[in-house]
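Here is a walk through one model, strand by strand and then out to the charged pairs. Have the viewer open while you read.

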Amino acid sequence: MEPKIDISPIAEWGLNLTYPLIIAGPCSAESEEQVFTAAQALASDGRVKVFRAGVWKPRTRPGGFEGAGEKGLQWLKRVKDETGLAVTTEVAMPQHVEQALKHDIDMVWLGARTTTNPFLVEQLASALAGTNIPVLIKNPITPDLELWIGTIERLWRSGITRLAAVHRGFHPYERSRLRNIPKWELAIDLKSRIPSLPIICDPSHIAGTASLVPEIAQRSLDLSMDGLMVEVHPNPAVALSDARQQLTPNAFLQMLSALTFHQSSSANNEFTDFLGQVRNKIDSIDQQIIELLANRMRLVEQIGEFKRNNNVTIFQLRRWENILESRIECGKKLGLDEEYIKSLLQLVHKESIKKQAEILRSNRLTNGE
């Protein structure tokens, strides 16, 4: 059953926020001078609406910088009072929520490690109940859409209606040029499941390297995400956490100026007419693809029955290798990406194997085995 959640849009959060929402600031609040220097540079530009800084930093191993704690909240309060920026920080325990509210923090976020723990999320939801403070929910470390949605539901059921998701990528199980794998399709699936939910991208954690942040930021905007949450430090080289992925204020503001911010639609009649015509063609092609897949599956069923009658195994390695090689070569000649064709073939082949296995199983059941 899909979650029936009607989340108030960013424009109705009552914090003078605009679309796209731009959140920026250092990974960690390290000193009052560092925090205020970054905040002044960002506030002077006018495009940043929310200043971020972590005051409690969950580290993978002990001994590293774990945040400034409550005194960091005092620094954020000063930023709010003197620059007019809204301020946000991460909360990971009910005590964090209590202290953040005491220091008049405007919004909070739940980190990727927190989102993976439903018991902890339930405690935080209880601590936040009755406040209706905006809460940003980062995706869990692993690509588990249901876990992400579960966190959103727990907060919603506690009366928190000003919610937004933060797409920060997923822990990679293989080597990658990025710190976290984007798996953009999960963010798109989340939007499909909860259309009213704003989704903000954290390109810093996806990129892992400052030079890659603009590329990821633009990609997220191209995919209609509702804002950016970027790590910005006055001097990244001396940062106490995530030094490699933080931008200087100047580099960040240059990036904002270079990014293309798209509209969700266009009032141009020529555009609307063209889009309608092309989509009609796509709909027709999709219908043909589905009909061809159905015809292919009927042939697969015939093969499955023939294999069953002749006591032949389902999986034929050489045949599968031939399919991959020949179809990929054909697709490349037509200008299609090799990985795209391979993924599509694997999906079709998996369903074919499943269908033939069902045929063999039904035969055994008929024979009383």
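Ile-23 has its bridge partner in β2, and that partner is Val-50. Strand β1 (residues 21-25) pairs with β2 in the parallel sense over two bridges; pairing here takes at least two DSSP bridges between the strands. Strands are DSSP runs of E with at least two residues, helices are runs of H or I with at least four, and both are numbered from the N terminus.

A quick word on ground rules. This is a predicted model, where local features need pLDDT of at least 70, side-chain atom pairs count only at pLDDT 80 or more, and totals for chains, interfaces and linings use all residues. Residues are numbered from 1 along each chain as its sequence is written, and side-chain values use heavy atoms, with hydrogens and water left out.

**The barrel**

Zoom out and the strand pairs add up: eight strands close into a barrel in the order β1-β2-β3-β4-β5-β6-β7-β8, with parallel pairing. On average, neighbouring strands of this sheet are turned by 25 degrees against each other, direction ignored; the angles come from axes fitted as lines to C-alpha atoms and run from 0 to 180 degrees between N-to-C directions.

Val-50 also has a partner on the β3 side, namely Ala-86. Strand β2 (residues 50-52) runs parallel to β3, and three bridges join them. To get from β2 to β3, the chain goes through helix α2 (residues 70-83), and this β-α-β crossover is right-handed. Right-handed has a strict sense here: with the strands pointing away from the viewer, the path from the first strand over the helix to the second runs clockwise.

How enclosed is β3? Five of the five residues of this strand (residues 86-90) are buried, so β3 is largely enclosed by the rest of the structure. Buried means under 20% relative accessible area, exposed means over 50%, and partly exposed lies in between (1.4 Å probe, protein chains only). Both faces of β3 are covered, with Ala-86, Thr-88 and Glu-90 buried on one side and Val-87 and Thr-89 buried on the other.

Next along, β3 pairs with strand β4 (residues 107-110) over three bridges, in the parallel sense. Thr-89 has Val-108 as its bridge partner in β4. Helix α3 (residues 94-102) carries the chain from β3 to β4, in a right-handed β-α-β crossover.

β4 and β5 pair over three bridges, again parallel, and Trp-109 stands opposite Leu-136 in β5. Strand β5 (residues 135-138) is covered on both faces: Val-135 and Ile-137 are buried on one side, Leu-136 and Lys-138 on the other. Lys-138 has Val-166 as its bridge partner in β6. Four bridges pair β5 with strand β6 (residues 163-167) in the parallel sense, and the two strands make a right-handed β-α-β unit with helix α6 (residues 145-157).

**Charged pairs**

Side chains of opposite charge can pair when their charged atoms come close. The structure holds 18 salt bridges, each being a side-chain nitrogen of Lys or Arg within 4 Å of a carboxyl oxygen of Asp or Glu. Three of them are listed here.

| Acid | Base | Closest N and O atoms |
|---|---|---|
| Glu-32 | Arg-78 | 3.3 Å |
| Glu-338 | Lys-332 | 3.9 Å |
| Glu-358 | Lys-355 | 3.4 Å |

The pair of Glu-32 in helix α1 (residues 32-43) and Arg-78 in helix α2 links distant parts of the chain, 46 residues apart. Glu-32 is partly exposed at 36% relative accessibility, and Arg-78 is partly exposed at 28%. Glu-338 counts as partly exposed at 37%, as does Lys-332 at 42%.

Glu-358 and Lys-355 are separated by about one helical turn, because they sit three residues apart in helix α13. Glu-358 is partly exposed at 29%, and Lys-355 is partly exposed at 23%. Salt bridges that share partners also join Glu-32, Arg-78 and Glu-82 into one network.

**A nonpolar patch**

Which residues make the nonpolar surface patch of about 420 Å²? Leu-334, Leu-336, Tyr-340 and Leu-344 do. Patches are made of residues with over 30% relative accessible area and no salt bridge, with like charges joined within 9 Å and nonpolar side chains (Val, Leu, Ile, Met, Phe, Trp, Tyr) within 5 Å. Accessible areas come from the Shrake-Rupley method with a 1.4 Å probe, and for residues only the protein chains shown count as cover. Leu-334 lies in the loop between α12 (317-333) and α13 (338-366), and at 65% relative accessibility Leu-334 counts as exposed.
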